[in-house]
Each structure stands twice: as structure tokens, then as C-alpha cells.
Amino acid sequence: MASIPSRRRKDDAIISVRGLRNGFGEQIVHDGLDLEVRRGEILGVVGGSGTGKSVLMRSIIGLQPPLAGEVTVFGEETLDREELETIDIRKRWGVLFQGGALFSTLTVAENVEVPLREFYPELKQSLLDEIAAYKVVMTGLPPEAGPKYPAELSGGMKKRAGLARALALDPELLFLDEPTAGLDPIGAAAFDELIRGLQNTLGLTVFLITHDLDTLYAICDRVAVLADKKVIAVGTIDELLALDHPWIQEYFRGPRGRAAVASVEHNQATDTRPTATNTSSVVPAQIEAR
């Protein structure tokens with residue numbers, strides 16, 4: 001399960017989306033959407049309700065065929081290809097869907113083993129059990145969580161179990177869809193720290209959909225803003241705040257945004273939580289694509 005070596009520089013794009021168009025019937029969700037995700041970064045993806053954040057992720061991983069556009073992951077085109085042609089690419093990413101999306105009739109350990117069985121059917125059960133146990137502990141769950149069923153877990157434990165499954169194949173790229181939704185502030189902060197720790201330790205690139213401003217401030221290197229059926233800008237929060245787009249200003253400077261800033265300043269003063277820094281410049285997405 002070793003990753004394929006790459007000669008790309010750390011700041012090269014690991015995901016490239018060009019001219020993406022998605023729609024359902026007459027409703028167009030994305031129209032000419034462009035985005036790049038750089039190797040080794042945690043990219044937060046935000047946008048109002050109905051802007052298609054999850055649809056974008058599903059298009060990238062091949063679950064939502066777009067009406068038009070190009071998607072490249074690890075330098076390989078992923079659209080309009082047979083499933084067998086993309087198997088080597090799909091081995092290199094992991095996905096945590098909203099709510100964990102665990103199979104209710106399988107134990108936590110068996111859930112973690114699902115991608116292993118899919119891509120490596122020759123593995124012996126003893127090795128599957130060993131890998132699953134390791135991934136469970138890696139995500140902060142107690143060892144005794146392995147034999148439990150999802151119904152026996154708390155909401156936070158289900159998220160961690162879903163993350164353990166997403167990490168089963170030792171991926172280079174991790175997709176997270178609203179990972180802290182439904183968690184209390186303490187649980188959400190702990191999950192943020194877990195993601196940042198795993199990203200640093202494993203060298204992950206993370207595509208993170210969220211509405212949690214604390215998460216954006218705490219661990220995201222850059223933030224991509226979806227609005228007007230496109231990614232309108234990508235950059236650090238400070239750089240985004242320099243733009244005059246009404247949604248960006250309302251989102252980051254509203255009451256919740258001010259509370260998140262106050263929380264970050266407090267945590268920096270007490271050094272209780274990690275913060276992410278990045279020196280990249282923000283540019284409108286349409287310009288960045290060029």
C-alpha cells in the first residue's frame with residue numbers, strides 16, 4: 001500500500017478543476033468553476049446554502065458526473081474514464097462523508113476494512129484486523145471501539161470511525177465533508193486538532209468542506225469561497241477580508257466571525273490550539289485559473 005513517489009514540488013496542484021458545470025434539471029449549481037488544491041495544504045471550502053460544496057467534492061471523486069469541465073487529480077484526468085482506469089488514483093485518496101456514513105450492520109473495525117477488502121482482496125484477515133485496530137487508535141478512539149456497531153457510538157466517535165475508514169489505505173489526499181457538524185465546541189476543537197496533527201504527521205493534502213469558522217481559523221491554510229456558481233476567490237482569511245464581495249464580508253465579519261476571531265486570539269494567547277499560517281496571495285478564482 002505504498003504511495004507512488006511524486007516528483008512534483010510541494011506547492012504544485014494536486015487537484016485541478018477547470019470550467020466545471022453542474023446542474024440538476026434546469027437548476028445550474030456550478031457554471032465555469034475553477035479551483036486548484038496545492039499539495040500539502042488544508043484547503044477550506046465555504047459557501048452559502050445551495051452553492052454546491054458537496055456537489056463539487058462529489059464531482060472531484062467521481063460520484064457526480066458534471067455536465068462539462070475537466071478534473072485532474074495527481075496529474076491524471078478523472079472524468080469520462082472507466083472505473084478500472086482510475087483505480088490507482090482512487091487508492092490514493094480517502095473520504096469522510098457527512099455524519100461518517102458508516103455501514104450500520106458492520107462494526108467499526110469492519111467498516112475500516114471495507115476499502116481494504118475492495119482494493120486489496122488478497123489480504124489475510126489477521127492483517128486486516130491489525131490495520132483496522134491501528135487506524136481506530138490513530139483517530140483517537142479507544143481500542144474497544146473496534147468491535148462496536150455505529151449505533152453504540154456517540155456522534156463524535158462516529159466521525160472518528162469514519163475518519164479511520166478514510167485513512168485505511170494510507171491516502172495522500174483526504175476529503176472531509178462538514179467533519180465538525182453536530183459536534184459541541186470542545187469536540188469540534190478536538191477534531192480540528194486531530195486533523196491538523198494527522199496532516200502534519202502523514203503529509204496529507206486536505207480538501208475540507210465546512211461552515212465552522214473556528215475550523216477555518218484554526219487549521220486551514222487557505223479558504224476557497226463558492227458564490228455566484230463559481231469559486232470567486234481563494235486565499236488566507238486575512239486576504240479574503242481585503243475583498244469587497246458582500247457574502248465574504250458578511251460571513252467573516254458577522255457575529256460568528258467576530259466570535260471566531262476572539263476565540264483564535266484567546267487561544268493564541270494561551271497557546272491551547274494550533275493555528276495555520278500561509279503566505280500565499282489571494283486572487284479571484286477566474287484570474288488564478290489563468
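Helices (H or I, at least four residues) and strands (E, at least two) are DSSP runs here, numbered from the N terminus. This is a predicted model, where local features need pLDDT of at least 70 and side-chain atom pairs count only at pLDDT 80 or more, while totals for chains, interfaces and linings use all residues. Residues are numbered from 1 along each chain as its sequence is written.

Start with strand β8. All five of the five residues in β8 (residues 205-209) are buried (under 20% relative accessible area, 1.4 Å probe, protein chains only), so the strand is largely enclosed by the rest of the structure. Thr 205, Phe 207 and Ile 209 sit on one side of β8, with Val 206 and Leu 208 on the other.

What runs alongside β8? Strand β3 (residues 42-47) is parallel to β8 and joined to it by four bridges, and strand β7 (residues 173-177), also parallel, is joined to β8 by five; two strands pair if DSSP finds at least two bridges between them. Val 206 is the bridge partner of Ile 42 and also of Leu 174.

Now for the packing. The largest nonpolar core (buried Ala, Val, Leu, Ile, Met, Phe, Trp, Tyr and Cys residues joined through side-chain atoms within 4.5 Å) has 35 residues, and Leu 174 and Leu 216 are among those touching the most other members. Leaving out residues up to four places away in sequence, Leu 216 touches (heavy atoms within 4.5 Å) Gly 44, Val 46, Thr 210, Val 223, Ile 237, Tyr 251 and Phe 252. Apart from that core lies another, of 28 residues, including Ile 15 and Phe 175.

Terms used. Side-chain values use heavy atoms; hydrogens and water are left out. Buried means under 20% relative accessible area, exposed over 50%, partly exposed in between (1.4 Å probe, protein chains only).
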